[in-house]
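Trainee: I'm new to this one. Can you walk me through it?
Mentor: Sure. Bring it up and ask away.

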Amino acid sequence: MVKLLDGGVYLVNGREVVADGPDAAQAVLNQTGKQVTKEEAVRQTISWRVLESHNTSGDMDRLKIRFDKLTSHDITFVGIIQTARASGLEKFPMPYVLTNCHNSLCAVGGTINEDDHMFGLTCAKRYGGVYVPPHQAVIHQYAREMLAGCGQMILGSDSHTRYGALGTMAVGEGGPELVKQLLNQTYDIHRPQVVCVYLEGEPVKGVGPQDVALAIIGAVFKNGYVKNKVMEFVGPGVAKLSADFRIGIDVMTTETTCLSSIWETDEEIREFYEIHGREGEYRTLAPGETAYYDGMIRVDLSQVRPMIAMPFHPSNTYTIEELNRNLLDILEETEKGAQVSLDGAVSLGLRKKVKDGKFLVDQGIIAGCAGGGFENICAAADILKGRSIGAGGFTLSVYPASMPVYMELVKNGAAASIMETGAIMKTAFCGPCFGAGDTPANNAFSIRHSTRNFPNREGSKLQNGQISSVALMDARSIAATAANQGVLTPATDFDGEFGRYKYHFDSRIYANRVFDSKGAADPEVEIQMGPNIKDWPAMGALPENLLLQVVSEIHDPVTTTDELIPSGETSSYRSNPLGLAEYTLSRKDPAYVGRAKEIQKAEKTRMEGGHPCQVLPALKELMGVVKTRYPEAGHENTGFGSTIFAVKPGDGSAREQAASCQKVLGGWANIANEYATKRYRSNLINWGMLPLLIQEGELPFHNLDYLFLPGIRRAVEEGAGTIEAFVVGKEGLKPFELHMGELTPEERQIILKGCLINYNRAE
């Protein structure tokens, strides 16, 4: 089904695979009649050509990328624009689309969600952007329909910014990276490695894009095979997939922790652009005659079967057939894993859902950028037609990804086929994907064609004793399960026929409702500010030394951004830095906020000219210990704050608030064995926090310990790789080493200034 090759490969004429090795050059020569060096072949990937055309540095090893377009949703765009405004923004320098698909229900916190939307509309008018009102489209569907272009690059403040199937290299990052683009700065990275995803064969009936995506994620996530790399999809199997099918695989590449994706393009993609009235955005993309890749994932589409990702990660994959064969064993294993993921707060009783040897689920959801596509919903309608989901506890909700998709489903009868079963058709909304919609009952089990199934993504609250869980599946198998009234069923059991539905895109919906400035800014427009929209608090520069208290210690194998700052109803406070910060780690370590605030008092007092010991007497003894070795250290040159330790933080969402909330509460650093994603590490840096690393297995400190980092400012200035640190205790200073990892000159300056806002103000 999915095979990973060790080492690099040459791809000849887009089809023949030659493994790298002593005989590779001769094998390539035999096939092409040409001598090709590895350096030349690296330049023949699609990825190289796209990156090269957007690089402004002149050095392809150290990229400085300018993107063609930007996109954000209503959880992120307020903070981004507020940050850019604080740094001198006058006009959006490139097309910037503000969608409203996360807080679109406007049901939590009074007026604050709609206040954010009005902020977005007035900013689009003032600075020359595009505003997509609530319920019109989820962020990524609008980008596919109206923004993508072959050979282009798009940066979005959402981790699932992936339009590679349409020939667009798209990257999901934290908000500060978009701020840099708005201020005519660059996205600075080392040239990423490129992994070939070689598709062959053709999917069998009943297998959908989520099945292929989960098979790939299950094979590559845990071993980090594509971490921070570009996945380039090629091979004869590509032509066997529709545009919608390719899009459905592509959007899920985020869950592999890759940086981005790109696909070869063909007539199927040309037709997609024609349907959407944008044929001029199409061009053929394919690797050159001999292209070199740093790895290869070989996928036989004909061997893929309906998949399920069990709680609590998209990589926790099985075929549905395998799960049903080994039901009690796999459910028991999942329950054991849940005890780790949930810190033993509540018990997950999945085995209780087995009745007469069959697994009964409670809810089905087909939604968002992954599940809400036209073909997914049409296939679900074919399976459900003439059936009933029953009058019991099982429910099914379907969210088309945009109003144009919804309209076509109404016109072709698919919506009626779904609704007459007792299922509900809803509007474009991302809520079920991040815990702000369709929360099932306590101990319920939800199957969803959405992007993630992390803890709390379905809206449960462990601190209130509430637990439900999500498994990821394809829309087809969700429909087959719904037709079986909640009995887990793979879509390959469906013995009917799938129709062939032609999609017609009606642009009038957007023409009548979406505000598009066409790039024209109107500085006379007054920005509408709701009472919950707050400016960022003042943040100081990095001091000469740091005394940090460890205020949370997390030993889970991976810590997601959902655990660092919960999604769901807390998203309504994304425009209020201080308000949102109150929820930091609230579902993982409820004591964190109070501990962070306590040590923050000392830094606030210091910044105001007072003595930190006045508000935190314990610091007097601690600084006395420090002075035994560093007599020059004092509150004049030493900052006080907090840090957390987590084994591998930052998997999941691109949301910058996972880092900024820590900074707002006085955080100066994270300490980790590794960072799960590049985007989380970037968020730390852009908020002036030190992305520190410690060797796995070496943890000389524990929660509530104090750490002293002497000369940390100089270490950052000089680009030191190793940081000298000490655990401060009554017995003295216990030394240990921290590592910084490589920082660009700009990143070092951002940390030194205290955050990106300070850096831009200084510039």
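Trainee: Which residues lie nearest the centre of the second largest pocket?
Mentor: I189, H190, K678, R681 and E742. The lining has 29 residues in total. Keep in mind that this is a predicted model.

Trainee: Which elements give two or more residues to that lining?
Mentor: Two strands come early in the numbering: β4 (62-65) and β10 (187-190). The others are α25 (678-686), β31 (690-693) and α27 (745-753).

Trainee: How much space lies in there?
Mentor: About 740 Å³. By class, the lining has twelve charged, ten nonpolar and seven polar residues.

Trainee: And what volume does the largest pocket have?
Mentor: About 1,200 Å³. That pocket is lined by 41 residues. Nearest its centre lie S242, D244, F245, E375 and R500.

Trainee: Which element gives the largest share of that lining?
Mentor: Helix α14, with six residues. The lining divides into 20 nonpolar, twelve charged and nine polar residues.

Trainee: New topic: sheets. In what order do the strands of the open three-strand sheet run?
Mentor: β3-β2-β14, with antiparallel pairing. The edge strands are β3 (16-19) and β14 (290-293), each pairing on one side only. Neighbouring strands are turned by 25 degrees against each other on average, direction ignored.

Trainee: How many bridges are there between β2 and β3?
Mentor: Four. β2 covers residues 9-12. Y10 stands opposite V18 in β3.

Trainee: What lies across β2, β3 and β14?
Mentor: Helix α1, residues 24-32. Helix α1 runs at about 155 degrees to β3.

How values were computed: Residues are numbered from 1 along each chain as its sequence is written. This is a predicted model: local features need pLDDT of at least 70, side-chain atom pairs count only at pLDDT 80 or more; totals for chains, interfaces and linings use all residues. Side-chain values use heavy atoms; hydrogens and water are left out. On a 1 Å grid over the protein atoms alone, a cavity is a set of points where a 1.4 Å probe fits but cannot get out, and a pocket is an open set with protein on both sides within 12 Å along at least five of seven lines; lining residues have an atom within 4 Å of a point. Grid points are joined across faces, edges and corners, and a volume is the space filled by probe spheres set on the points. Ala, Val, Leu, Ile, Met, Phe, Trp, Tyr, Cys and Pro count as nonpolar, Asp, Glu, Lys and Arg as charged, and the others, Gly among them, as polar. Two strands pair if DSSP finds at least two bridges between them. Axes are lines fitted to C-alpha atoms, for helices over the stretch in contact, and angles run from 0 to 180 degrees between N-to-C directions. Contact means heavy atoms within 4.5 Å.
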